[in-house]
Amino acid sequence: MTARKYLVLLAVVIFGSCGDVCLGRGMRDFGAVTASNWHLLLGAIADPWIIAGICFLIGFFCTYITALSWADLTYVLPATAISYVFMALLARIFLHENVTLVHWVGIGLITAGVGFVATGPSLTVPDDAALNRRPNREDV
Amino acid sequence: MSTLAVWSGIATIVVTATAGDILQAGAMKNIGDLGQLRQSSGTLAVVRRVASNSRFMLGLLFMALAFFSLLVTLSWENVSVVGPASASLTFIGNAFAARIFLKERVDHRRWLAALFVAGGVVLLAR
């Protein structure tokens with residue numbers, strides 16, 4: 001893993017958490033959407049918060065697929081899970097949602113999970129590739 | 001909105017997001033490192049290569065379904081409940097699906113990470 005790749009993972013975290021918080025804030029203005037008033041979603045797309053959320057999520061998506069091009073899905077998802085910590089903090093600051101002691105325990109668990117996976121290999125080596133490399137290693 | 005409706009919304013997010021993640025991860029593995037591809041062929045070639053991949057586009061469709069499911073469910077419940085709850089279940093679903101469909105080596109470290117993150121996300125939703 002290079003510094004550039006860690007920066008890509010950091011960008012996934014920042015774009016993802018900001019995007020979700022913006023969407024959460026935007027949908028508060030529209031009330032409950034049901035089958036009878038589904039057209040509210042069309043209006044929601046013009047809401048500044050939803051537009052900001054979509055812009056952040058486009059950034060998230062570009063960085064996310066970049067990360068998937070050189071790392072396993074089961075590496076990228078836990079490694080970027082710290083975004084839920086950012087999301088909880090942003091929701092507390094900007095949406096005034098309550099962050100309790102239980103939430104902080106959850107944040108600790110997520111951080112531990114990120115630590116577990118971030119120190120491991122980022123990509124599964126296919127079995128045939130591993131077999132092909134083995135004779136070379138023995139030759140050396 | 002009833003609890004059953006909220007959890008149905010969350011379940012829809014989980015299924016569509018997992019399908020989207022698996023399809024896109026498979027597509028990106030086929031395409032290869034986007035950074036190297038951009039350096040060798042340019043940004044336009046990267047966009048063309050990604051956009052012409054049918055598995056990627058199908059994944060995008062599922063991600064769009066997950067997005068609209070998220071919007072609807074967010075209108076029923078707080079982001080601090082819907083986000084963590086759907087994400088924790090998607091983590092577990094993805095670990096199983098990546099092992100089965102992408103043949104990823106999900107070792108003890110990755111299972112522990114998925115479980116810790118999922119547990120943490122559940123606590124965040126309380």
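From the N terminus onward, chain A reads α-α-α-α-α-α-α. That amounts to seven helices and zero strands. Please keep in mind throughout that this is a predicted model.

Chain A has 140 residues, and 44% of them count as buried. Consider next the contacts in chain A between residues at least 6 apart in sequence: 81% of these join residues at least 24 apart.

Let me turn to chain B. Its secondary structure comprises six helices and zero strands, in the order α-α-α-α-α-α from the N terminus. Of the 126 residues in chain B, 48% count as buried. Among its contacts with a separation of 6 or more, 78% are between residues 24 or more positions apart. The C-alpha trace of chain B spans about 50 × 35 × 20 Å along its principal axes.

I should like to pause at helix α1 of chain B, which covers residues 3-31. How does the span expected of this helix agree with the distance between its end C-alpha atoms? The helix has 29 residues, and the expected span is 1.5 Å times one less than that number. The expectation is therefore 42 Å, and the end C-alpha atoms are indeed 42 Å apart, so the two agree. Just after α1(B) comes B:Gly32, which takes a positive phi of about 100 degrees.

We now come to the place where the chains meet. Here 40 residues of chain A are in contact with 42 residues of chain B. Which elements of chain A give two or more residues to the side that touches chain B? They are α1 (3-28), α2 (40-44), α3 (48-68), α4 (73-79), α5 (83-94) and α6 (101-118). Of these, α6(A) gives the most, with eleven residues. By character, the residues on this side of chain A divide into 27 nonpolar, ten polar and three charged.

Finally, the interior. The largest nonpolar core holds 77 residues. Those with the most contacts inside this core are A:Val12, A:Ala67, A:Leu68, A:Val76, A:Tyr84, A:Ile110 and B:Val117. The core thus includes residues from chain A as well as B:Val117 from chain B. Let us take A:Ala67 as an example. Leaving aside residues up to four places away in sequence, A:Ala67 touches A:Val8, A:Leu9, A:Val12 and A:Val76. Two of its partners, A:Val12 and A:Val76, are themselves among the residues with the most contacts inside the core.

How values were computed:
Residues numbered from 1 in each chain as written. Chains lettered and ligands numbered in written order. Predicted model: local features only at pLDDT ≥ 70, side-chain atom pairs only at ≥ 80, totals over all residues. Core = buried A, V, L, I, M, F, W, Y, C linked by C-beta atoms within 7 Å. Buried ≥ 20, exposed ≤ 12 C-beta atoms within 10 Å, placed from the backbone. Contact = placed C-beta atoms within 7 Å. Helix = DSSP H or I, 4+ residues; strand = E, 2+ residues; numbered from the N terminus. Nonpolar A, V, L, I, M, F, W, Y, C, P; charged D, E, K, R; others polar.
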